[in-house]
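Let's walk through this protein together, one region at a time. Keep the model open beside you and follow along as the paragraphs move from place to place.

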Amino acid sequence: MLAMNTSLSIQHRRVLLGPVFLLWGIGLSAQSPASRDSTESRIGAIFAPFARNDSPGCVVAVFRAGAVLYTSGFGRADVSHDIPLTDTTRMPVASTSKQFTAMAVLLLEAEGKIRLNDDIRRYIPELPVFGQPITIRHLLNHTSGLRDSWNLFDMAGWRTSDVETQTDLLWLLHRQEDLNHPTGTEFLYNNTGYSLLALLVERVSGTTFRRFIAGRVFGPLGMAHSEIKAEVEQVVKGLATGYWGHDPATLRVARPPFSFTGPTGVVTTMRDLARWDANFYTPRVGTRALLDSMSTPQRLDDGTTIGYGMGLFIGTHRGRRMISHAGSDPGYKADFIRFPEDSLSVAVLCNAFDIAPTPLALQVADFYLPADPHAATAPRVSAPEVTPASDTSSKIPIRTLAGLYWSNTSGGLHRFFYENGQLVLDGGGEGRFPLAPLGNNAYRLTAAPRRFLFTFVQRPGVPIAMEVDVEGSPLRTYARVPEVARSAAPLERLAGTYYSRELDVTWTFVLSAGKLVLQRRRVEPDTLTSLFGNVFLSEHGFVLEFARDKRDKPPSVDVTTERVRRLRFTRGRCP
């Protein structure tokens, strides 16, 4: 479940399914038939690569305040049984579910049963004490500092084929000794908080999260074909099959491993999603104030505004306020984007893990948004996009910016490439993302739903530095790692066995063919690439920092992922 989606190069396909249309007396219905046909044809062209009868694909819909302007399915819901995708196909929406979880929590708050500033340990005392209390609000807006559960499961040795339960999650969280950052000081997206929020709903309401959402949200809105999938084995009639990719030659079925809810779990159809969309304009569940609070930018404890509300990202597209949340689970991708000032929404739900729905949805939105970029433009909802201070004496040639940059503070790194005259960010498993130049050696990651800026600084006698300005996070400085500095420590010193108390798992590093290889039980060997000094990157995506020590062997290794920072393994086996 990721905040950004994969950038893909997809082979063009020429076969098109017949689209399904329902047009109300607004929006496109005001267009001439020729204009309407043109828009529908252009949308069909965007999704043409998936319009096949031998591969999965996507369903796309456009709403105007809940009224359906356009829907169409491209590809198969189940390739084996030749079942097409349609606007009534039931699709998991992955992390797009978080807005439903936030709604459930806010309904309980409106009834006076909880307060958003309550310590979550009041309701879930199994959690460790980390110092400053973690409140319900911290969980809703991703500022708790908790490590991400999906990453913890992975590091602890769970396979994607293993079932992950709420009991497993609480066991992992109970063992944690540290946070990614002090609570309330930074926005760092994670799934753990929303798992705890679903458990909070269950304990306060006295019923399961599945029944709560069915009775308090789906039922009143008439979302008769929506469901909470709370267990891996749970049967959902009409559920689309998920696949790891959409290439017919290499299709493999993918299954989300989650037997708990909150960060994911909602299964719905495009027709039902239209009813959810309508509720934001004419509330039937929740008050106007409650719904507005979901899309109101939250603040860090020091008052800094972030680009996230409660269950929803807040950003801009073509100068217009954009409220959205994407989703990514094994086998499924989703995005649901609203432009409130235009009463316009676009949803794209896909049943292949390698399809990126966000750029597809934005292309469709561009067909319906007014051509005038100043028309109905919403006021700015987050902090001004201030470019960090940099060397203004000269422009740094873009080609020389490519390379590896390291943050000693967070243990994170960024890698850039120069491709086709553009600076491109390496997104690891999410793909590569071209950056938009802003001038003054600054570049923006336009694929992100919030402010994400890279500004490069070159001063005499020192390597190029880079300042990263991510909305809701402190400004971080990364130093470029010169090629000459990338000589690794002697590998034999690093080999050995290391144990994590927080995961109750042992990792072993061995030498093989001149390289260091990570061996984990039940997981394929993972070859490490030396970055510099005692810092390595594994093929799996772990950043590993072996401790510097004057003794013969380093005493520990800290492991960093996208959403886990410096989780420590100590040399030796389980005590």
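One cut-off will come up again and again: a residue is called buried when its relative accessible area is under 20%. Take Phe454 as a test case: its relative accessible area is 0%, so it counts as buried. Bear in mind as you look around that this is a predicted model.

Now for the overall picture. The protein has 575 residues, and 56% of them count as buried. Its secondary structure comes to 11 helices and 32 strands. If you take the contacts between residues at least 6 apart in sequence, 64% of them join residues at least 24 apart.

Let's go to the sheet where Phe454 will turn up again. This is an open sheet of 9 strands, paired antiparallel, and reading across it you meet S19, S18, S17, S16, S24, S23, S22, S21 and S20 in that order. Strands S19 (432–434) and S20 (436–439) are the edges; each has a single partner strand, so one side of each is left without a neighbour in the sheet. On average, neighbouring strands here are turned by 30° against each other, direction ignored. Within the sheet, S16 (residues 403–406) pairs with S17 (residues 413–419) in the antiparallel sense, over 4 bridges. One of the residue matches to find is Gly403, whose bridge partner in S17 is Phe416.

Phe416 is also a good way into the aromatic side of things. The structure holds 27 aromatic pairs. In one of them, the rings of Phe416 and Phe454 have centres 5.2 Å apart and planes at 85°, so this pair is edge-to-face. It ties together distant parts of the chain, since Phe416 is in strand S17 and Phe454 is in strand S22 (residues 452–457), 38 residues apart. Both of these phenylalanines are buried. Phe454 also pairs with Phe452: here the ring centres are 5.4 Å apart and the planes are at 40°, so this pair is tilted. Phe452 has a relative accessible area of 16%, so it is buried too. Step back and you'll see that ring pairs link Tyr405, Phe416, Tyr443, Phe452, Phe454 and Phe456 into a cluster.

Rings can have charges for company as well. Arg338 lies over the face of Phe280, at 3.8 Å from the ring centre. Likewise, the charged end of Lys333 sits over the ring of Phe353, 4.7 Å from its centre.

What about the nonpolar interior? In soluble globular proteins, nonpolar side chains tend to be buried together. Here the largest nonpolar core has 99 residues, and the members that touch the most others are Ile136, Val217, Trp276, Trp507, Phe509, Leu544 and Phe546. Helix H2 (residues 98–110) gives the most to this core, with 8 residues. To get a feel for the surroundings of Ile136, look beyond its neighbours within four places in sequence: its contacts include Val105, Ile114, Leu116, Tyr123, Leu197 and Leu200, along with the charged Arg115 and Asp118. There is also a second, separate core of 27 residues, and Phe47, Ile337, Val346 and Val348 are among its members.

Next, find Phe336, which lies in strand S14 (residues 332–339). At 3% relative accessibility, Phe336 counts as buried. Not counting residues up to four places away in sequence, it touches Phe63, Leu273, Trp276, Ile323, His325 and Val346, among others. Phe336 and Ala326 are 10 residues apart in sequence, and their C-alpha atoms are 6.4 Å apart in space.

Finish at strand S30 (residues 543–546). In a regular strand the side chains alternate between the two faces of the sheet. Both faces of S30 are covered: Val543 and Glu545 on one side, and Leu544 and Phe546 on the other, are all buried. On one flank, 3 bridges join S30 to strand S29 (residues 535–538), and the two run antiparallel. Leu537 has Val543 as its bridge partner. The hairpin of S29 and S30 has 4 residues between the strands, and Gly541 takes a positive phi near 110° there. S30 also pairs with strand S31 (residues 556–560), again antiparallel, over 4 bridges. In that pairing, Glu545 stands opposite Asp558.

Conventions
Residues numbered from 1 in each chain as written. Predicted model: local features only at pLDDT ≥ 70, side-chain atom pairs only at ≥ 80, totals over all residues. Heavy atoms only, no water. Pairing = 2+ DSSP bridges. Axes fitted to C-alpha atoms, helices over the stretch in contact; angles between N-to-C directions. Core = buried A, V, L, I, M, F, W, Y, C linked by side-chain atoms within 4.5 Å. Buried < 20%, exposed > 50% of the residue type's maximum accessible area, 1.4 Å probe, protein only. Contact = heavy atoms within 4.5 Å. Phe/Tyr/Trp six-rings, centres within 6.5 Å; stacked < 30°, edge-to-face > 60°. Lys NZ or Arg CZ within 6 Å of the ring centre and 35° of its normal.
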